[in-house]
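Thanks for coming. Please look at the sequence and the model on the screen, and I will then go through the ligand site and one ring pair.

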Amino acid sequence: MKTIAEHLGQVQANIADACGRSGRSVNDVTLIAVSKTHPAETILEAIEAGVQHFGENRVEESQAKLPDVMSRTSVRVTWHMIGHVQSRKAKDVAALFDIVHSVDSAKLARRLAAALPEGRMLRVLLQMNVSGEASKEGFDAARWQADPAVCQWLAQETREILAQPGLDVCGLMTIAPIVDDPEIARPVFASLRGLREVLAETLNHPLPHLSMGMTDDYGVAIEEGATLVRVGRAIFGERLR
Ligand SMILES: *Cc1c(COP(=O)(O)O)cnc(C)c1O
């Protein structure tokens, strides 16, 4: 069985290849190791191997695990919330995480902003459902290219979120459909990038980050402009539940 360090080396080599294919710098792509379901010991092993960014998707799981990890390392880890957040959990999320990828309503944004202590900034990404899959969380953005009303609505929601004090709205996130061939996900990633350009221009607010790409498709996502890739199984193996 390969170690986490070996898996990580392979993922980093694949990221470098994808950057090479698309003329991008590896410095512009941050690998987030998605550690959901895995225990603190596994995260500490990944930290030893050089990982500093971790993604988790459940508040309950994170509440014990994250402080446990932090009490056992001097490395300053950046924690990314990548799962759906219920508004009533906003306070816990704001206390535990550095970046929230999954802001999918103005209501959640208001709750997160209200939960921040004076002077604290929270980076957030707006989750867009650009593929139109019914099961996906996120703003319903599937028809943003076809229907100007959808674009207007998304711009209005984003404007409201930008107005929240303490939130640094730094980009968009999406989850592509699970498919065997990553090429099928390419138009979804390209669509998110296009939407980012339109919103940034309409609102005159830069949205530098695109969080897209997982174990099966991060190479294609990088070719389409991902700056944050969320990789779990390729680093940690199959999830534990
Ligand atoms: C679990 C998860 C990932 C990582 O998925 P893998 O297929 O294990 O790489 C990425 N993004 C989100 C939102 C997830 O929930």
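I start with how the model is read and then turn to the ligand.

This is a predicted model, in which local features need pLDDT of at least 70, side-chain atom pairs count only at pLDDT 80 or more, and totals for chains, interfaces and linings use all residues. Residues are numbered from 1 along each chain as its sequence is written, and side-chain values use heavy atoms, with hydrogens and water left out.

Around the ligand, meaning with a heavy atom within 4 Å of it, are residues including Val34, Lys36, Ile82, Met214 and Gly232. The shell divides into 5 nonpolar residues, 2 polar and 4 charged; Ala, Val, Leu, Ile, Met, Phe, Trp, Tyr, Cys and Pro count as nonpolar, Asp, Glu, Lys and Arg as charged, and the others, Gly among them, as polar.

Next, the polar contacts, which are pairs of N or O atoms within 3.5 Å. Polar side-chain atoms of Thr215 and Arg239 lie 2.5 Å and 2.7 Å from a ligand oxygen atom. For Arg230, a side-chain N or O atom is 2.8 Å from a ligand nitrogen. The protein buries 93% of the 390 Å² that the ligand exposes when taken alone (Shrake-Rupley method, 1.4 Å probe).

Finally, Phe54 and Trp79 form a tilted aromatic pair, 5.7 Å centre to centre with 35° between the planes (centres within 6.5 Å; under 30 degrees is stacked, over 60 edge-to-face, the rest tilted). Phe54 lies in strand 2 and Trp79 in strand 3, so the pair ties together parts 25 residues apart in sequence (strands are DSSP runs of E, at least two residues).

How values were computed. A polar contact is a pair of N or O atoms within 3.5 Å; within protein, one must be able to donate a hydrogen and the other to accept it, and residues adjacent in sequence count only if both atoms are side-chain atoms. Rings of Phe, Tyr and Trp (its six-membered ring) pair if their centres lie within 6.5 Å; planes under 30 degrees apart count as stacked, over 60 as edge-to-face and the rest as tilted. Helices (H or I, at least four residues) and strands (E, at least two) are DSSP runs, numbered from the N terminus.
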